[in-house]
Every structure is written in structure tokens, then in C-alpha cells.
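The following paragraphs walk through a predicted model. Please keep the sequence and the coordinates open while reading.

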Amino acid sequence: MLNIFNIEKQANKRVQRFLLHKSTEENIDSAKARLVINIIIGKVSVHLYEQHKYIKTLSLKSIVEFFGKDYDESKTIAVYDYLVQLSKDQQIGLSKLNVVICETKGELGAHLYDETKYKKRIPTLDLLTQFYITK
């Protein structure tokens with residue numbers, strides 16, 4: 001039987017390792033690191049923050065390759081389509097949608113925001129799956 005809870009925990013651990021790796025590279029506290037994924041001017045953007053302090057923009061290619069996959073444009077399209085679907089499902093304007101991946105209460109997770117207003121937690125697995133899609 002498929003244990004979705006366990007698979008979600010494994011996805012969170014993989015993303016946590018990525019955040020630890022990037023935090024170490026940038027010499028920031030990994031417990032305060034967060035990724036913000038959104039669409040800016042029609043393109044998927046991923047930004048690394050320490051709390052609310054902007055650190056740098058990350059390429060989707062570097063993220064995909066960290067997870068051991070070959071990067072191609074289909075990964076960007078899949079993430080874009082996922083964000084568009086979230087926007088529609090949650091009735092959030094695409095330019096206002098932010099997916100924030102961070103540690104909360106000692107547990108890593110993905111969270112959906114309407115600009116700065118918290119909406120809900122989303123499965124990290126759903127987001128991570130987009131990096132494995134080939135169209």
C-alpha cells in the first residue's frame with residue numbers, strides 16, 4: 001500500500017537538503033532559509049531568502065540538477081503550469097501567487113500565499129514532482 005504521508009516526508013527531506021546546501025553556499029542560517037517560487041513577468045522565478053532578507057535568485061536548472069535530473073525546458077513549463085493551476089484553484093491572481101518553502105515549527109513544508117497573506121499548506125511532493133515531468 002502506498003503511504004503518501006511517508007512519501008511527503010521524504011520529499012520534504014530532499015528539499016531540506018537542498019536548502020541546507022544553498023544555505024551553506026551563501027553562509028546563511030539554514031533554519032531561517034526559505035525559497036519563494038512565483039511568476040514574474042511571465043517567467044518562473046525562484047528566490048532564496050534568509051527570513052525576509054533577499055539573498056539571491058536561483059535558476060530552475062540548478063534546482064533540477066541538484067535533484068539528479070537533466071534540465072530541459074519541459075521542467076520550467078511543468079512548474080509554470082502547476083503555478084497557474086494553483087492560481088486558478090485558489091482564486092489568486094497569478095502575479096500575486098507565492099509558494100514559500102521553509103521550516104515552520106521544526107518541519108519543512110510548502111505554503112501558498114496570496115502576496116503576503118497565508119492561504120494554506122500545499123504538498124511539497126506536488127511541487128517536487130514537477131521537476132520530474134517530461135513533456
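Strand β5 is mostly covered, with 6 of its 8 residues buried. In this predicted model, β5 comprises residues 107-114 and pairs with β6 in the antiparallel sense over 5 bridges. On its other pairing, β5 is joined to β4 by 8 bridges, again antiparallel. Individual bridge partners help to fix the register. C102 has G109 of β5 as its partner, while A110 stands opposite I122 in β6 and D114 is bridged to K117, also in β6.

Both connections of β5 to these neighbours are hairpins. Between β4 and β5 there are 2 residues, and K105 in the turn has a positive phi of about 55°. The hairpin of β5 and β6 also has 2 residues between its strands, and there E115 takes a positive phi near 55°.

These strands belong to an open sheet of 6 strands, ordered β3-β2-β1-β4-β5-β6 and paired antiparallel. The edges are β3 (53-58) and β6 (117-122), each of which pairs on one side only. From one strand to the next, the twist averages 30°.

What joins β1 to β2? The two strands run antiparallel and share 8 bridges. Within this pairing, I37 stands opposite V46 in β2. The hairpin of β1 and β2 has 2 residues between the strands, with I41 at a positive phi near 50°. Further along, β2 and β3 are paired over 5 bridges, in the antiparallel sense. V46 takes part here as well: its bridge partner in β3 is L58. The hairpin of β2 and β3 has 2 residues between the strands, and Q51 has a positive phi near 60°.

Residue H47 lies in strand β2, which covers residues 43-50. Is H47 buried or exposed? Its relative accessibility is 11%, so H47 counts as buried. Leaving out residues up to four places away in sequence, H47 touches R34, L35, V36, N38, I40, Y54, K56 and T57. One of these, L35, is 12 residues from H47 in sequence, and the C-alpha atoms of the two are 5.6 Å apart. Another, T57, is linked to H47 by a side-chain polar contact of 3.0 Å.

L48 is the next residue to follow. Not counting neighbours within four places in sequence, L48 is in contact with L19, K22, E26, I28, A33, R34, L35, K53, Y54, I55, K56 and L58. L48 also appears among the residues that touch the most other members of the largest nonpolar core, which has 33 residues; the others are L35, I37, L83, L86, V99 and I101. As a general background, nonpolar side chains in soluble globular proteins tend to be buried together.

From L48 the contacts lead to helix α1 (residues 4-26), where K22 is placed. K22 has a relative accessible area of 9%, so it is buried. Beyond four places in sequence, K22 touches L48, L58 and S62.

Helix α3 is the element that crosses the sheet. The helix lies across β1 (33-40), β2, β4 (97-104), β5 and β6, and runs at about 100° to β4. How does the span of α3 agree with its number of residues? At 1.5 Å a residue, the 18 residues of α3 (residues 73-90) should span 26 Å, and the end C-alpha atoms are indeed 26 Å apart. The buried residues of α3 are S74, K75, T76, A78, V79, Y82, L83, L86 and S87. An α-helix has 3.6 residues a turn, so residues three or four places apart point the same way. Just after α3, Q91 takes a positive phi of about 55°.

Several residues of α3 are touched from the segment after α4 (124-129), which is the place of Q130. Leaving aside neighbours within four places in sequence, Q130 is in contact with K75, A78, V79 and Y82. Q130 counts as buried because its relative accessibility is 12%. D126, found in helix α4 itself, has a relative accessibility of 35% and therefore counts as partly exposed. D126 and Y82 are 44 residues apart in sequence, but their C-alpha atoms are 8.6 Å apart in space.

Conventions. Residues are numbered from 1 along each chain as its sequence is written. This is a predicted model: local features need pLDDT of at least 70, side-chain atom pairs count only at pLDDT 80 or more; totals for chains, interfaces and linings use all residues. Side-chain values use heavy atoms; hydrogens and water are left out. Helices (H or I, at least four residues) and strands (E, at least two) are DSSP runs, numbered from the N terminus. Buried means under 20% relative accessible area, exposed over 50%, partly exposed in between (1.4 Å probe, protein chains only). Contact means heavy atoms within 4.5 Å. A polar contact is a pair of N or O atoms within 3.5 Å; within protein, one must be able to donate a hydrogen and the other to accept it, and residues adjacent in sequence count only if both atoms are side-chain atoms. The expected span of a helix is 1.5 Å times one less than its number of residues. Two strands pair if DSSP finds at least two bridges between them. Axes are lines fitted to C-alpha atoms, for helices over the stretch in contact, and angles run from 0 to 180 degrees between N-to-C directions. A nonpolar core is a set of buried Ala, Val, Leu, Ile, Met, Phe, Trp, Tyr and Cys residues joined through side-chain atoms within 4.5 Å.
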